[in-house]
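Grab a coffee and work through these exercises with the structure open beside you. Try each task before you read its solution.

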Amino acid sequence: MNRAHDTADVVVVGSGIVGLGAAYAAVRRGLRVIVVDRTDSPVGATIRNFGHLCIGAQGGEARRYADVSRELWLRLSQDAGFWLRESGTLVAARHDDEMAVLEAASRDGGIRMLEATELLRLAPLRAEGLVGGAHIESDLQTDPRTAADAIVRYLAEVGVDFRFRTAVTAVGAGRVETTRGAISCQNVVVAVNHDIDQLLPEVAERHGIVRCALDMMRAAVSFRHPLAAPLLTGWSLVRYGRFSDGAEAIALRERLHAERPDLAAIDLNQMYTQLPDGTLIIGDSHSTAVAPVPFQPEAAFTAFLTEAEALFDAPAPRVIERWQGVYAKGQQEFLIDRGDDGVLVLAATTGIGMTTGLGLAEENLAAAFGWAAAMEGTS
């Protein structure tokens, strides 16, 4: 590749979903963009998640970014040609206090309450103990294993220069130092998720960034009919901002933790997404540390399978894969930092990067660099 002119309008460090969102925002404005990543493709949190774009469960700033992301996901799926469906999200309620949380949230719109009989038509659940549920209407689903690579291919086609297998060693005003030489630029965006402590440790310390490690698995299942949408449970309702802050959620959390301290101990988010090939992503647990150990306790996976068997009216899932996801966790939902050198640092720091990352990049690049609204086409 001819790299005689190592200059760009924007250099993006990191090819995860926030970095791809930054590149997309820049190239749509006709700018020359270089993306640098030490791996040879996106391999981090962007491909290790459920593929669940949980827009309608967010609140506040996260909801704003999620709404922007939704439109960008829809547009990118058409332009880049990857699978995306406007499925919404199903929530299964197995206790009256879970219904109370859903009913309180539904008053703001965008959530349709479901009788148990209707939910059973949409998800192959056990009828015993099911009291009802809800459908979060705005949510999307994609396949994280194929979407990121498709976005990379599309952005490369419209002019983004990807420098994979290239590590960034330093960033500063108008310059990015890499293991393959320096790049001069007008603007720098750092979007390396939890590895911000490796490149800019003072930024990580200022924002209290640590790592959250997740246990996840994919299984073959024999459902009487596919899941019509990603599926959340009561454990999910005490995690997501739109549901988790009210008095109803406090009561729900107290009951769940009192009844199942074993599941509380692994910080369970019991949720499921079914991929186009019919396999089911199951998870997940959460463990926080500066550097989580790579060893995954079997107790978490045993809990996942036990809870799945209790929820679904189907034979026991057959495990195909297990993996550890890792994402940045901080004091706030997002890390947005612009130092005196003008370098813009972005990260979603509560595990909702796929849901909010495109909007996080779009809004903050425009604000930081004084860009006008994006053009309709690419150049």
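**Exercise 1.** Decide whether aspartate 267 is buried, partly exposed or exposed in this predicted model, and work out where it sits.

*Solution.* Start with the location: aspartate 267 is in the loop that runs between helix 11 (261-265) and strand 15 (271-274). Next, take its relative accessibility, which is 31%. Buried needs a value under 20% and exposed a value over 50%, so aspartate 267 comes out as partly exposed. Now look at the backbone: its phi is positive, about 50°, although aspartate 267 is not a glycine. That's worth a second look, because most residues other than glycine have a negative phi.

**Exercise 2.** Find what asparagine 193 has in its backbone, and say how it is classed for accessibility.

*Solution.* Go to the loop between strand 12 and helix 6, where asparagine 193 is placed. Check phi there: the value is near 55°, positive in a residue that isn't glycine. Then check the relative accessible area, which is 24% for asparagine 193, so this residue is partly exposed.

**Exercise 3.** Stay in that loop and describe the surroundings of aspartate 195. Which residues does it touch, leaving out those up to four places away in sequence?

*Solution.* First, place it: aspartate 195 lies between strand 12 (181-190) and helix 6 (196-199). Second, accessibility: at 16%, aspartate 195 falls under the 20% cut-off and therefore counts as buried. Third, list the contacts, which are Arg38 and Arg211. With arginine 211 there's a polar contact from side chain to side chain, at 3.0 Å. Finally, look further along the chain: tyrosine 327 is 132 residues away from aspartate 195 in sequence, yet their C-alpha atoms are separated by 9.1 Å.

**Exercise 4.** Do the same for serine 244: which helix holds it, and what is it in contact with beyond its neighbours within four places in sequence?

*Solution.* Serine 244 belongs to helix 9, which covers residues 241-244. Its relative accessible area is 13%, so serine 244 is buried. Setting aside the neighbours within four places, its contacts are Leu237, Val238, Arg239, Ala249 and Arg253. One more interaction involves an adjacent residue: the side chains of serine 244 and aspartate 245 make a polar contact at 3.4 Å.

**Exercise 5.** Locate the cis peptide bond that ends at aspartate 284, and say where this aspartate is placed.

*Solution.* The bond runs from glycine 283 to aspartate 284, with omega near -15°. Aspartate 284 is in the loop between strand 16 (280-283) and strand 17 (287-289). The bond stands out because most peptide bonds are trans.

**Exercise 6.** Work out how helix 1 packs on helix 13, and what kinds of residues make the contact.

*Solution.* Begin with the geometry. The axes of helix 1 (residues 17-27) and helix 13 (residues 353-369) come within 8 Å, crossing at roughly 40°, and the crossing is right-handed. Now list who's involved: helix 1 contributes Ile17, Val18, Gly21, Ala22 and Ala25, while helix 13 brings Gly353, Met354, Gly357, Leu358, Leu360, Ala361, Glu362 and Leu365. Sorted by type, the contact residues split into 9 nonpolar, 3 polar and 1 charged. As for cover, 11 of the 11 residues of helix 1 are buried.

**Exercise 7.** Which strands pair with strand 5, and in which sense, parallel or antiparallel?

*Solution.* Take strand 7 (residues 132-136) to begin with: strand 5 pairs with strand 7 in the antiparallel sense over 5 bridges. Within that pairing, alanine 93 has glycine 132 as its bridge partner. Then turn to strand 14 (residues 231-232), which runs parallel to strand 5 and is joined to it by 2 bridges; here leucine 90 partners leucine 231. Last, check the faces: Thr89, Val91 and Ala93 point one way, Leu90 and Ala92 the other, and all are buried.

**Exercise 8.** In what order do the strands of the open sheet containing strands 3, 4 and 8 run?

*Solution.* The order is 3-8-4, with antiparallel pairing. Strand 3 (52-53) and strand 4 (84-85) are the edges, each pairing on one side only. To pin down a register, use histidine 52, which stands opposite glutamine 141 in strand 8.

Definitions and conventions
Residues numbered from 1 in each chain as written. Predicted model: local features only at pLDDT ≥ 70, side-chain atom pairs only at ≥ 80, totals over all residues. Heavy atoms only, no water. Helix = DSSP H or I, 4+ residues; strand = E, 2+ residues; numbered from the N terminus. Buried < 20%, exposed > 50% of the residue type's maximum accessible area, 1.4 Å probe, protein only. Polar contact = N/O pair within 3.5 Å; in protein donor to acceptor, adjacent residues only side chain to side chain. Contact = heavy atoms within 4.5 Å. Pairing = 2+ DSSP bridges. Axes fitted to C-alpha atoms, helices over the stretch in contact; angles between N-to-C directions. Left-handed = near helix turned anticlockwise from the far one by under 90°. Nonpolar A, V, L, I, M, F, W, Y, C, P; charged D, E, K, R; others polar.
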